[in-house]
Amino acid sequence: MDLYERAKICFPGGVNSPVRAFTAVGGKPLMIDRGKGSKIYDINNNEYIDYVMSYGPLILGHCDDNVIKFISNALKKGTSFGATNELEIRLAELIISSVPSIEMIRFVNSGTEAVMSAIRLARAYTKRDKILKFEGCYHGHSDYLLSKAGSGLMSLNIPTTPGVPESLVKDTLTATYNDLISVEEQIKGVENNIACIIVEPVAGNMGVVLPDENFLRGLKSICERIGALLIFDEVITGFRVALGGAQERYKIMPDLTCLGKIIGGGLPIGAFGGKKEILELLAPIGPVYQAGTLSGNPVVMSAGIATLEKIRGDGFYSELKDKTIRLFEGMKDNLRSVNLNFQVNYTTGMGNIFFCDREVRNFNDLKDVNRDLYSRYFHHMLSKGIYLAPSQFEATFLSDSHQIAELDKTLDYQMDFLKTIK
């Protein structure tokens, strides 16, 4: 019995996260044995240039030597203490000194947990119940956030998951990304009961969708007017699009920020932070309870420290930006050369090609995306040793370890595919 058959006996669909199952593209998922730098290797020793990068955390690539060294040193001292250790303080200091809006932080163990806790905190701080989110933005799998919630659900054609009682989503309002008028329509008449607006400042869970010029600033203005908090979910964009995340790039100061992925250096992590006066509502000094046995785990903290110390170096983001431009502008050039009008969206370290002929600015623009064509594209690239996300609605991620020659090879193989489209 092969590994996938064994996995299907153990796990629903043979996976521990749905998008890994290749449901959206067909075929049997890869079984990965190891990774190094920009490459992964399956159990049959086939080599792939990896543009999934564990869905974003591996900004340094697989098995970065310094990250492994830090992890090894931490392991020798213990895997978990259930008590404060110096490593969690060091990582917190690195984050606070890098992210403009964060004055105080708390570590958790996943992005889902970070968002869930930040919303609880926002509701406590404002003494209000309702929250507003956006179609196509994914903020983890908390019950009240799973309506029209981005890539994973879209890939499986699940608009809203069963198992969530109506009573738990009655206070969740949903607006259209990049559409301030839809926000005003949703909050009309309930302005005084809106605790927060939560948004991916660059949407990374419906492909990659960039904010319009005034969108984020408009959200900040609305929150200030109605007395709500603005939460940036930077689980994907934090330390990826810039050292200080999307809030540095777009010069917007949210009240709370959720982080994950990169800050753990490839190990499980989440965090939420913001203004001191808000964070001090948390127990043990405030009444808002939140806890986690493995939060601040020293092994995870060590990986995060090694990662953040490296990406804070001179030139890191300029080099990552240059690679991003080379790949995604190259895709645009390929499309022009064969007279195809598909869409390419990107920002530093991440991007996406959409197989549709309309500009993609929000969830509604994805209705005409050709999923079958993406499936063909995915399998063509996979056959050439290029591993893309097995879903049209997941981002393509770059790392420091990707080489120019690898990017150019990827563009050549993409061009081969585009020439086959009638």
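How many helices and strands are there in the protein? I looked this up before anything else: there are 14 helices and 14 strands, taken as DSSP runs (helices are H or I of at least four residues, strands are E of at least two) and numbered from the N terminus.

A note on the source: this is a predicted model, where local features need pLDDT of at least 70, side-chain atom pairs count only at pLDDT 80 or more, and totals for chains, interfaces and linings use all residues. Residues are numbered from 1 along each chain as its sequence is written, and side-chain values use heavy atoms, with hydrogens and water left out.

**Overall build**

I checked the radius of gyration, taken over C-alpha atoms. The protein has 21 Å, which agrees with the value near 22 Å for a compact globule of 422 residues; that rule is 2.2 Å times the number of residues to the power 0.38. The C-alpha trace spans about 60 × 55 × 50 Å along its principal axes.

Next I looked at burial, and 57% of the 422 residues are buried (buried is under 20% relative accessible area, exposed over 50%, partly exposed in between, with a 1.4 Å probe and protein chains only). I also looked at contacts (heavy atoms within 4.5 Å): of those with a separation of 6 or more, 72% link residues 24 or more positions apart.

**Gln343**

I found Gln343 in strand 11, residues 343-347. Is Gln343 buried or exposed? Gln343 counts as buried because its relative accessibility is 14%. Its side chain reaches the backbone oxygen of Asn341 at 3.0 Å. Leaving out residues up to four places away in sequence, Gln343 touches several others, including Phe354, Cys356 and Arg358.

**Glu224**

Glu224 is in helix 8, residues 215-226. I have it down as exposed, because its relative accessible area is 57%. From Glu224 to Ile68 I noted 156 residues in sequence and 44 Å in space, C-alpha to C-alpha.

**Backbone oddities**

Most residues other than glycine have a negative phi, and most peptide bonds are trans. I went looking for exceptions.

- Ser54 has a positive phi of about 55° although it is not a glycine. Ser54 is in the loop between strand 3 (47-50) and helix 2 (65-75), and at 42% relative accessibility it counts as partly exposed.
- Lys251 has a positive phi too, near 55°. I placed Lys251 in the loop between helix 9 (245-250) and strand 9 (256-260); Lys251 is exposed, at 64% relative accessible area.
- The peptide bond from Ala283 to Pro284 is cis, with omega near 20°. Pro284 lies in the loop between helix 10 (276-279) and helix 11 (298-311).

Notes: A polar contact is a pair of N or O atoms within 3.5 Å; within protein, one must be able to donate a hydrogen and the other to accept it, and residues adjacent in sequence count only if both atoms are side-chain atoms.
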